[in-house]
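Grab your viewer and a coffee. Here's a set of exercises with worked solutions, meant to be done with the coordinates open beside you.

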Amino acid sequence: MRKTIYIPGDSSARAAGSDEVALEIRKEAEKRGLNVDIVRNGSRGMYWLEPLLEVSTPEGRFSYGPVSPASAGSLFDAGFLDGGGHPLSLGRTEDIPYLKDQERLLFKRAGLTDPLSIEDYRRHGGYKGLQRAINLTPRDIIEEVKASGHRGRGGGAFPTGLKWETALKTPSDARFVVCNADEGDCGSFSDRMIMEGDPFALIEGMTIAALAVGARKGYVYLRSEYPYTKDIFGKALKTAYDNGCLGRNILGSNKDFDISLIMGGGSYICGEETALLESMENRRGMVRPRPPVPAVSGLFSRPTVLNNVMTFVAVASIFENGAEFYRRYGTQGSTGTLPIQLSGNIKRPGLIEKAFGADLKEIVYGFGGGTASGRPVKAIKAGGPLGAYLPASVLEKGVKLTYEDLIANGGILGHGSIIVFDDSIDISQMALGTLKFGAYESCGKCTPCRIGSVRAMEIVEGIVAGNDVENGLVLLKDLLSTMSNLSLCGLGGLLPLPISSALRHFPEDFGLKKGSFDWDYYAKDR
Amino acid sequence: MLALLADSYSIHFMDNRDRQAIENIIGKTEDRAGALLSALHGITDKLGHIPVEAIPLIARGLNLSVADVYGAITFYKDFRLSPPPLNVLKICQAESCQSRDASGLTRYARARLGIGLGEAAPDNKAAIEPVYCLGNCACSPSITHNGKLLGRMDEKKLKELIDAIEEKP
């Protein structure tokens, strides 16, 4: 009997050597005269085990990891094709606690299916949602999105149904659907994973959005740092066209929808929605003042549904199972599930999908297993580069991973990333690095961000060096107020959050006494 | 304007083949959205950089001004007006990698190659560039070598890589 072996073609798995493992496994199989099929699946998200190899057996999928090319021979010797025991054996994949304890809706197929097989996608619930949406009116589609309580996953958390409704209600000769796949926030990789591991889910979600607002053309703006993603998603688009899921008369609906893939130019700011639109319109990726919002006047001044990758993927899930089902997960203000991306100094980094409201401590210690170094956790940073540095003590406060609870604790949830630092890290250096990043990536359109990021860096360097500290602190508070109140977009507007949280929670790293910096990003009179 | 640019960048004269390749790439863009990025990526993939002489060709082909095209090339970090160094090492400076000693890797690369972050060696053999996140955070620290993503880096692996770069003529 022909055996199927799964070896991830995911970027991170490949960076960990999965291509070399696949090559060696194939060679070894040929040497032994065995007929095997190798499927390059997505990653299961258990990255400390990558390259993770799986085999299909009558008792389910068995996994082995982390596999090196050198272990290929011994795997065959151990009879891994039938799930045989081996030092790298992890048992049945679905019994691994890290995976078993998750609530996978958006990532239910990632790692399980062949990402480029549309038959596999359909077998696991794919295109059920679109099929249902085809029989609904635009109004009803939008009502269902609204009823689900779904909010945008790019960081802004704006209600998706409301955004779509605005685009539908704005009179125009054309409307567009644009997917923001410019996943630049450090610590986040869920967009990449889903586009590599389950690309049709994004295509399906975008197609439902197109039906909702009457768009005939969609675009995916992907960051150029993801060349493997480009290959996989490009192939998925072609397959979708070949199977009547894109193009003319989608699934016999009499509706047309096209999707093109655009590669970014290596600029973080193009992940900001208006800069992304400028970039698509053949200009420098510089932020546009709002209003008007893109739903009113977006690409080429037409109403545009501009959502992040996970937002569209969640839509496909909502239509597959219904808004009621989706609402059963999460909290009142944050419905559904959140793909949490855990990285940094952590024993078991990876992707953990849980209903909104998961306990932060459980994620870091339960799933993550604490720091990789074995030293105490000093800080965590949730929500990407513009999130707050929170002290380890926050883990003892029962913080839930929801938009509301993170804000209540002085942070942001953002895209759902969590970076862990051990006690060897100097937070003043991390804060300076964040400012350097801000200065490096500022588009330069507005002064508070362009000059503020550089000035803040100079002032903080002065404080750390002990030069004119008192005046420096006064100046810095004034500068952070200006940046947070007057910047055109979130880059300059949010940079004060990591900087002020670092100074408030870790003053000793800056050579300051406790309480010497009291400027609060969330204060009303900031 | 082109004369001004020619003073700032050593002009690499295109031969007819390059010109034809560029015309083909520009001619391929059907959709107005993303046309410039697509053309710039296409030319970079083919030639390694955007020759200054290509700017007016792109501008004419896409109905943009020379200033628009030049402005975009100099805005996006992916594009350059001179040939790239033989080996480009991008070292992630973002925080997951910092938590796993990306600074140590950066220091090591700088010391070995004798150049700063964001600089190229005078013989254009190697350059070290900062990058903020490669989406490989769960296998930090990460770098790329001529676009190939490498995870779980440490000084030993980086040493082997730089040794190999230095050995090649």
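The exercises below go from chain layout to helix packing, then to the contact between the chains, and they all use a predicted model.

**Exercise 1. Work out how chain B is built.**

Solution.
- Step 1: count the elements. Chain B has 8 helices and 5 strands.
- Step 2: put them in order. Starting from the N terminus, you should read α-α-α-α-α-β-α-α-β-β-β-β-α.
- Step 3: get the extents. Along the principal axes, the C-alpha atoms of chain B fill a box of roughly 50 × 35 × 25 Å.
- Step 4: check burial. Chain B has 169 residues, and 40% of them count as buried.
- Step 5: look at contact order. Take the contacts in chain B between residues at least 6 apart in sequence; 62% of these join residues at least 24 apart.
- Step 6: split the chain. Domain 1 of chain B covers 2-75 and domain 2 covers 87-167, with their C-alpha centres 29 Å apart.

**Exercise 2. Classify the packing of helices H2 and H3 in chain B.**

Solution.
- Step 1: pick your two numbers. A packed helix pair is described by the angle between the axes and the distance between them.
- Step 2: compute them. For helix H2 (residues 16-28) and helix H3 (residues 35-47) of chain B, the axes come within 9 Å and cross at roughly 150°.
- Step 3: assign the class. Angles over 145 degrees count as roughly antiparallel, and H2(B) and H3(B) are therefore roughly antiparallel to each other.
- Step 4: add the hand. H2(B) and H3(B) make a right-handed crossing.
- Step 5: list who touches whom. H2(B) brings Asp18(B), Ala21(B), Ile22(B), Ile25(B) and Ile26(B), while H3(B) brings Ala39(B), Gly42(B), Ile43(B), Lys46(B) and Leu47(B).
- Step 6: sort by class. You get 7 nonpolar, 1 polar and 2 charged residues in the contact of H2(B) with H3(B).

**Exercise 3. Do the same for two helix pairs in chain A: H7 with H10, and H17 with H21.**

Solution.
- Step 1: start with H7 and H10. Helix H7 (residues 138-148) and helix H10 (residues 199-213) of chain A pack at about 125°, and their axes are 7 Å apart.
- Step 2: name the geometry. That angle makes H7(A) oblique to H10(A), and the crossing is left-handed.
- Step 3: find the contact residues. On H7(A) they are Pro138(A), Ile141(A) and Ile142(A), and these meet Ile208(A), Leu211(A), Ala212(A) and Val213(A) on H10(A). The tally for this contact is 7 nonpolar, no polar and no charged residues.
- Step 4: move to H17 and H21. The axes of H17(A) and helix H21 (residues 496-505) of chain A come within 10 Å and cross at roughly 165°.
- Step 5: classify again. H17(A) and H21(A) are therefore roughly antiparallel to each other, and H17(A) passes H21(A) in a left-handed crossing.
- Step 6: list the contact. Ile427(A), Met430(A), Ala431(A), Thr434(A) and Leu435(A) in H17(A) meet Pro498(A), Ile499(A) and Ala502(A) in H21(A). The contact of H17(A) with H21(A) comes out as 7 nonpolar, 1 polar and no charged residues.

**Exercise 4. Lay out the domains of chain A and look at how domains 2 and 4 meet.**

Solution.
- Step 1: mark the bounds. Chain A is divided into domain 1 (3-97), domain 2 (118-327), domain 3 (337-422) and domain 4 (427-510).
- Step 2: take the centres. Over C-alpha atoms, 34 Å separate domain 2 of chain A from domain 4 of chain A.
- Step 3: count the contact. Each of these two domains puts in 8 residues.
- Step 4: sort one side. Where domain 2 of chain A touches domain 4 of chain A, its side has 6 nonpolar, 1 polar and 1 charged residues.

**Exercise 5. Describe the contact between chains A and B, then zoom in on Glu225(A): is Glu225(A) buried or exposed?**

Solution.
- Step 1: count both sides. The contact takes 50 residues from chain A and 40 residues from chain B.
- Step 2: find the contributing elements of chain A. Those supplying at least two residues each include helix H1 (11-15), strand E8 (258-263) and helix H17 (427-441).
- Step 3: sort the chain A side. That gives 21 nonpolar, 19 polar and 10 charged residues.
- Step 4: locate Glu225(A). Glu225(A) lies in the loop between strand E7 (217-222) and helix H11 (227-242) of chain A.
- Step 5: answer the burial question. Glu225(A) is buried, because 27 other C-beta atoms lie within 10 Å, and the cut-off is 20 or more.
- Step 6: list the neighbours. Leaving out residues up to four places away in sequence, Glu225(A) touches Gly266(A), Leu134(B) and Gly135(B).
- Step 7: check one C-alpha distance. Glu225(A) and Gly264(A) are 39 residues apart along the chain, and their C-alpha atoms are separated by 8.6 Å.

Conventions: Residues are numbered from 1 along each chain as its sequence is written. Chains are lettered from A and ligands numbered from 1 in the order in which they are written. This is a predicted model: local features need pLDDT of at least 70, side-chain atom pairs count only at pLDDT 80 or more; totals for chains, interfaces and linings use all residues. Two residues are in contact if their C-beta atoms, placed from the backbone, lie within 7 Å. Helices (H or I, at least four residues) and strands (E, at least two) are DSSP runs, numbered from the N terminus. Ala, Val, Leu, Ile, Met, Phe, Trp, Tyr, Cys and Pro count as nonpolar, Asp, Glu, Lys and Arg as charged, and the others, Gly among them, as polar. Axes are lines fitted to C-alpha atoms, for helices over the stretch in contact, and angles run from 0 to 180 degrees between N-to-C directions. Angles under 35 degrees count as roughly parallel, over 145 as roughly antiparallel, 65 to 115 as roughly perpendicular and the rest as oblique. A crossing is left-handed if the near helix is turned anticlockwise from the far one by less than a right angle, and right-handed if clockwise. Domain bounds come from an automatic or database domain assignment. A residue is buried if 20 or more other C-beta atoms lie within 10 Å of its own, exposed if 12 or fewer, and partly exposed in between; C-beta atoms are placed from the backbone.
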